[in-house]
Amino acid sequence: MASEGFLQPKCLKWRLCFGLRWQVLIFLLYFSHIVSGQIRYSIAEEMKKGSLIGNVAQDLGLDLKRLRAGRARIVTGESIQYTELKTDKGILVVSERIDREQLCGDVTPCSFSFEILLENPMELRRITVEILDINDHAPAFPKKDVQFEISESATLGSRFSLASAEDPDVGLNALQNYDLTPNDHFILKQHTNPDGSKYAEMVLQKPLDREEHPRISLKLIAVDGGNPQRSGTVNIEITVLDVNDNAPVFNQSVYMATVMENALQGTYITTVNASDADNGSNSVVAYSFSNLKKHLADIFNIDETTGTISVAGEIDYEKDKKYEVRVEAKDQGGLTDTSKVVIEVIDINDNAPVINAMSFSSPVSEDAPPGTTIAIINVKDADSERNGQITCSINTNLPFKIQSSLSSYYTLISDGAFDRETTPEYNITITATDSGLPPLSSARILHLRISDVNDNAPLFHQSSYSAYVTENNSPGMSIFTVSARDSDWNQNARISYLLEDTQISGTPVSTYISINSETGVLHAVRSFDYEQIKQLKLVVKAQDGGSPPLSSNVTVTIFIQDQNDNAPQVLYPVQTSSSLVAEMVPRSADVGYLVTKVVAVDVDSGQNAWLSYKLQKTTDRALFEVGLQNGEIRTIRQVNDKDAVKQRLTVVVEDNGQPSRSATVNVNVAVADSFPEVLSEFTDLTHEKEYNDNITFYLVLALAVVSFLFITCLVVIISVKIYRWRQSRILYHSNLPVIPYYPPRYADTLGTGTLQHVYNYEVCRTTDSRKSDCKFSRPCSQNVLIMDPSSTGTIKRMQSENNILDEPDSPLEQKPPNADWRFTQGQRPGPSGAGGPPEMAMGTGPWPNPPTEAEQLQALMAAANEVSEATATLGPGTMGLSTRYSPQFTLQHVPDYRQNVYIPGSTATLTSNPQQQQQMVMQQQMVAQQQALQAQPSEASAQPEPPKAAQTPASKKKSTKKEKK
C-alpha cells in the first residue's frame with residue numbers, strides 16, 4: 001500500500017507535465033497561425049463524431065452573424081470531409097472517423113487542410129488540422145516463424161538479419177526496440193534506417209557446435225513506446241549446418257535508380273550484384289527483397305538469380321514520389337548481406353485539371369451591373385511542377401471574364417450589360433489547361449439564365465390607326481382592333497388596353513367608344529349620326545403588367561360614313577294647310593316660260609345628297625316640265641285659251657342614295673291674266689282640305705274593328721261545332737253499363753204539396769233511334785189507371801186500343817196533375833218504417849234518409865216500366881200508374897229518377913244535370929209568356945198550360961205541319 005501511494009503522485013506529476021507541454025505546444029501553434037492568416041488545430045486520431053476541434057469564429061475573429069450571412073462552408077475538393085462547421089455556434093467538429101495510419105501512413109506530422117469559404121464579400125480562410133497518433137497498433141512481424149540455417153564453422157561476429165516488425169504508429173507509439181530471449185550463442189544488435197525505422201540483427205558470439213545443439217529455438221520480441229505498451233513476437237528456428245565460412249557481399253551499399261510514372265509492367269529499373277568467396281554450391285547467391293512492405297511487393301519484382309529489379313505493378317507519382325527497398329543476397333550456406341535500393345519516380349502529365357463550381361448564381365437579373373459575381377470556380381491538378389500549372393479561360397464573344405482570386409480559385413464575373421430580349425440565356429464553357437507536354441485540359445459548361453426586368457414599353461404596330469364605321473350602327477358593334485407587343489416576358493409582357501380620358505365636343509370619349517382591356521377591340525357605345533359628328537379622334541393606351549408599369553399611346557381616328565337616312569326637304573314652295581299659294585302664268589307665256597322653281601335640300605352628304613326632280617302628276621302633262629337637276633318648272637308649249645285656269649302639279653324630289661329617298665310637293669299654277677279670275681277658281685280648295693284631314697285614321701280604325709269581329713265570330717262558331725260533334729260522338733259510341741244514383745227530391749217550395757209547376761220528361765232512346773223520328777211506344781197492358789181531376793179516388797178502366805198520343809191533334813206536352821193529388825207520409829216510397837218530422841209530412845222538406853242501393857234499384861226497375869206505360873195514357877191533370885200503387889200516390893213524392901235513367905235492353909243512358917234543367921225551364925217560361933200574351937181574354941181565366949217539353953226532331957216536324965195548316 002505504501003508503494004502504491006508513493007507511485008501515484010509521480011504518475012500524476014508526469015501526466016500534468018505531459019498535458020502542460022501539449023497545451024503550450026497547441027497554444028504556440030494557434031498563435032503563430034492566426035497571425036499568418038491561417039489556423040492550425042491538433043487532435044488525436046479515432047475521435048468520436050461530433051467531438052470539438054476548435055472555435056473557428058473566435059479564432060478567426062468573426063461574428064456568428066457573419067458566418068450565417070456569408071453562407072460559410074467547408075471546401076475540401078474531392079477529398080473526404082472529416083470535419084463539419086457548425087455555423088450557429090461557430091465551432092468545428094469531427095464528422096468522420098479519422099485514422100492517421102490510413103490518412104498519412106508513415107508521414108509525420110500527419111495533417112490535412114481545407115478552406116472555409118465566405119461570400120458577400122468573398123473570403124477564404126485556410127485551416128490545417130494535425131492528426132496526433134495514439135497507440136492503437138501493436139508491432140507485428142510478417143511471419144510467425146523464421147528459419148535459419150547456420151554453419152557450425154560460422155565465425156564469431158557473424159550477423160544474421162532478422163525480420164523487422166511493422167508498427168503503423170509513429171513517434172513514441174512506433175516500434176522502439178527488439179528483445180531476444182537469452183541464449184549462449186547470439187546477442188541482438190539494433191539499427192536505425194534513414195527513414196527512422198529500426199531493424200535487428202543476431203550476432204554470433206560463441207561458436208556453434210552441431211553435435212551439441214543441432215537446433216536452436218529463440219523468440220524475438222518487438223516493443224513500442226506507447227502507453228499502454230504493445231508488443232509482437234516471432235519464433236526463430238536455427239538449424240546448424242556444416243562449413244560455410246564466407247557470406248555474400250554487395251558491391252554497393254546503396255543503389256540509386258529512376259522510373260517513369262505509369263511505366264509498363266516488366267520495365268527494367270536496375271540490377272544489384274553480390275559476390276561470395278566460397279566455391280561450389282556455397283558461392284551461389286540468391287537475391288530477394290528484405291523487409292518489403294505489403295503494398296511494395298505488388299509494385300516491384302527481383303530476379304533471384306540475376307538480381308534484376310523490374311516493374312510489376314502500377315506506379316503513381318501522385319501516391320509515392322520515391323521508393324526505398326532493401327535487397328538481400330543469400331548463399332547456400334545461409335550467409336547473407338543486405339543493400340538498399342532508392343527508386344525515384346519521374347512525374348508525367350497524366351492528370352487533367354478538375355473543375356468544381358463552388359458557387360453559381362442562376363438566374364441573374366438583366367439589370368445586373370458589370371462586375372457581378374456569377375460563379376466561383378475551383379480548379380485542381382494532381383500533377384506537379386509544370387504539369388500542375390493551370391490556366392483558365394472562357395469562350396469568347398460573351399459578356400463575361402474570369403479572374404484568379406486565390407490559389408486554384410477563379411471568379412467568373414460579368415463584363416457587360418445583359419439584355420434578356422436579345423439573349424435570354426448563356427452557355428458558358430470554362431476550360432482549364434495545364435502546362436504539361438502534351439497539355440491536358442478539361443471543360444465545364446455553365447447554363448446561365450437571365451431573368452426579365454420590365455425595361456421595354458409596349459409598342460404598337462403603327463404610329464396611328466384609322467377606322468371607318470357607317471352611321472346608324474348598332475350599339476356594342478366591334479369597330480376596330482388595336483394591337484401592341486411587348487418584348488418582355490411573363491407578367492411584364494401582359495398588356496392591358498385603356499382609353500385616355502379625352503373629350504369629343506365636350507363629351508367624354510367613353511360615352512362614344514369602349515375598348516376591351518385584353519383584346520384591344522374597340523366597340524361602339526352608341527349609334528352614330530353622321531349629320532351630328534363626322535369623326536372621332538381618341539388615344540389608346542397600352543400598359544404592361546410590370547412594376548412599375550410601362551405604357552405607350554397611339555392615336556385612333558374613326559371616320560363616320562354617311563348613310564342615306566334623310567329624305568330631301570322641300571324649302572320652296574312652302575306647304576301649309578292654312579293658306580294656299582299658287583303661281584300665275586299669263587296666257588301669253590311662250591315656250592320655256594319659268595313658272596317657278598322647286599328648292600329642296602338633303603342633309604346627307606355625297607351622292608346621298610344629289611337631288612333629282614321629276615314631274616309625277618299634273619293636270620296637263622303636255623303643258624309643263626320640271627328640270628331634272630335644278631327643279632325649274634317651265635312651259636313646254638304655248639299657253640292657249642283652252643287651258644284650264646287651275647293647274648295642279650305634283651313634283652317628286654329624289655336623292656341618289658341606295659335605297660333612294662324622296663319627297664313630294666304640290667304646286668298650284670293659275671293660268672290667267674288677272675287676279676280676280678284666279679281667286680274665284682281657287683276658293684274651293686280649302687274645303688277639300690278639311691274633308692280629307694282624318695279620313696285615313698277612320699278607315700284604319702274601321703278595318704281593325706271589322707277584322708276583330710269577324711275573327712271572334714269565326715272562333716265561336718268553330719268551337720260550337722266542335723263541341724256538338726264531340727257530344728254526338730260520345731252518345732253514339734257509349735255502351736258502358738250505368739249504375740244509377742238517385743238523390744233525394746225536394747218538395748215544392750210553395751208548401752202546397754202538389755207537383756212543381758215547372759217539369760219535363762226525358763225520352764230514353766237507343767243509339768240507332770237518331771235515324772228515325774221519335775214515336776211513343778204503345779203500352780203493353782190495356783189496364784191503365786186514370787186519375788180524375790176531381791181527385792175523388794174513382795178509377796176508370798179504359799179499353800181503348802188507341803193511344804191519345806198517336807192522334808194527330810193530341811198534344812205532346814203532359815198537363816200538370818191536380819193540385820190536391822199527393823201521397824201521405826206512409827204511402828211514400830222509401831226505406832221501410834222511415835218517418836219524418838211534420839214539415840216533411842206536409843211536403844215542405846226533403847226525405848229524412850236517403851234510400852239504400854237495393855231500394856234505389858228496386859224502385860228504378862218498377863218506375864221504368866210504369867213511366868213507359870203511363871206516359872202514353874196520361875190525361876190532363878192525371879198520370880197513368882199501375883195497380884201496384886194507391887190512388888193517393890202522386891208524382892210529387894216520387895224521386896227524380898231522370899238524372900240517370902237506365903233502360904233495360906238498351907245501352908243508352910240519359911243524364912240530366914241541373915244546369916240543363918234550368919236552361920229548359922227558362923225556355924219553357926219564355927214560351928209560356930208568349931202564349932199568354934197571344935191568348936184571348938176569354939182564355940185568361942182558364943188554367944195555364946204547363947210549359948212544353950223539349951222537342952225532338954220528330955215533334956218539330958209535326959209542329960211545323962200544324963203551323964202550315
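Asn 490 has a relative accessible area of 47% and is therefore partly exposed (buried means under 20% relative accessible area, exposed over 50%, and partly exposed in between, with a 1.4 Å probe and protein chains only). The model is predicted: local features need pLDDT of at least 70 and side-chain atom pairs count only at pLDDT 80 or more, whereas totals for chains, interfaces and linings use all residues. Residues are numbered from 1 along each chain as its sequence is written, and side-chain values use heavy atoms, with hydrogens and water left out.

**Backbone features**

Asn 490 is not a glycine, yet its phi is positive, at about 60°. The residue belongs to the loop between strand E35 (484-485) and E36; helices (H or I, at least four residues) and strands (E, at least two) are DSSP runs, numbered from the N terminus. Asn 472 likewise has a positive phi, of about 65°, without being a glycine. This asparagine is found in the loop between E33 and strand E34 (478-481), and its relative accessibility of 39% makes it partly exposed.

Two cis peptide bonds may be described beside these asparagines. One runs from Ser 547 to Pro 548, with omega near 0°, and Pro 548 is part of the loop between E41 and E42. Another joins Tyr 572 and Pro 573, with omega about 0°; Pro 573 is located in the loop between strand E43 (569-572) and strand E44 (582-585). Most residues other than glycine have a negative phi, and most peptide bonds are trans.

**The chain as a whole**

The chain contains twelve helices and 55 strands. Of its 965 residues, 36% are buried. Contact means heavy atoms within 4.5 Å. Among contacts in the chain with a separation of 6 or more, 67% are between residues 24 or more positions apart. The accessible surface (Shrake-Rupley method, 1.4 Å probe; for residues, only the protein chains shown count as cover) comes to about 56500 Å², and carbon and sulfur atoms hold 53% of this area.

**Nonpolar cores**

Which residues have the most contacts inside the largest nonpolar core? They are Phe 460, Tyr 497, Ile 513, Phe 528, Val 540, Val 556 and Ile 558, in a core of 27 residues. A nonpolar core is a set of buried Ala, Val, Leu, Ile, Met, Phe, Trp, Tyr and Cys residues joined through side-chain atoms within 4.5 Å. Elements that give two or more residues to this core include strand E33 (464-470), strand E36 (495-499) and strand E42 (551-561). Beyond its neighbours within four places in sequence, Phe 460 is in contact with residues including Tyr 465, Val 482, Tyr 497, Val 540 and Val 554. A second, separate core has 26 residues, among them Tyr 255, Val 272, Phe 300 and Val 325. In soluble globular proteins, nonpolar side chains tend to be buried together.

**Aromatic rings**

The count of aromatic pairs is 14. Rings of Phe, Tyr and Trp (its six-membered ring) pair if their centres lie within 6.5 Å; planes under 30 degrees apart are stacked, over 60 edge-to-face, and the rest tilted. One edge-to-face pair consists of Phe 160 and Phe 186, at 5.9 Å centre to centre with 75° between the planes. The two residues are 26 residues apart, with Phe 160 in strand E9 (residues 159-161) and Phe 186 in strand E11 (residues 186-192), and the pair links distant parts of the chain. Tyr 82, Phe 112 and Phe 114 make up one aromatic cluster.

Arg 526 lies over the face of Tyr 512, 4.4 Å from the ring centre. Similarly, Lys 534 is placed over the face of Tyr 530, at 4.8 Å from the ring centre. A charge sits over a ring if NZ of Lys or CZ of Arg is within 6 Å of the ring centre and within 35 degrees of the ring normal.

**Cysteines and selected polar residues**

The chain has one disulfide, defined as a pair of cysteine sulfur atoms within 2.5 Å. Cys 104 and Cys 110 form this bond, with sulfur atoms 1.8 Å apart. The torsion about their S-S bond is about 70°, so the disulfide is right-handed. Both cysteines, Cys 104 and Cys 110, are buried.

Asn 244 lies in the loop between strand E14 (231-241) and strand E15 (249-250). Residues touched by Asn 244, beyond those up to four places away in sequence, include Ser 151, Asp 278, Asp 331 and Leu 335. Ser 290 belongs to strand E19 (residues 285-290) and, outside its neighbours within four places in sequence, is in contact with Arg 326 and Glu 328.

The table gives accessibility for several residues.

| Residue | Relative accessible area | Class |
|---|---|---|
| Phe 160 | 2% | buried |
| Phe 186 | 3% | buried |
| Asn 244 | 2% | buried |
| Ser 290 | 10% | buried |
| Cys 392 | 16% | buried |
| Cys 713 | 46% | partly exposed |
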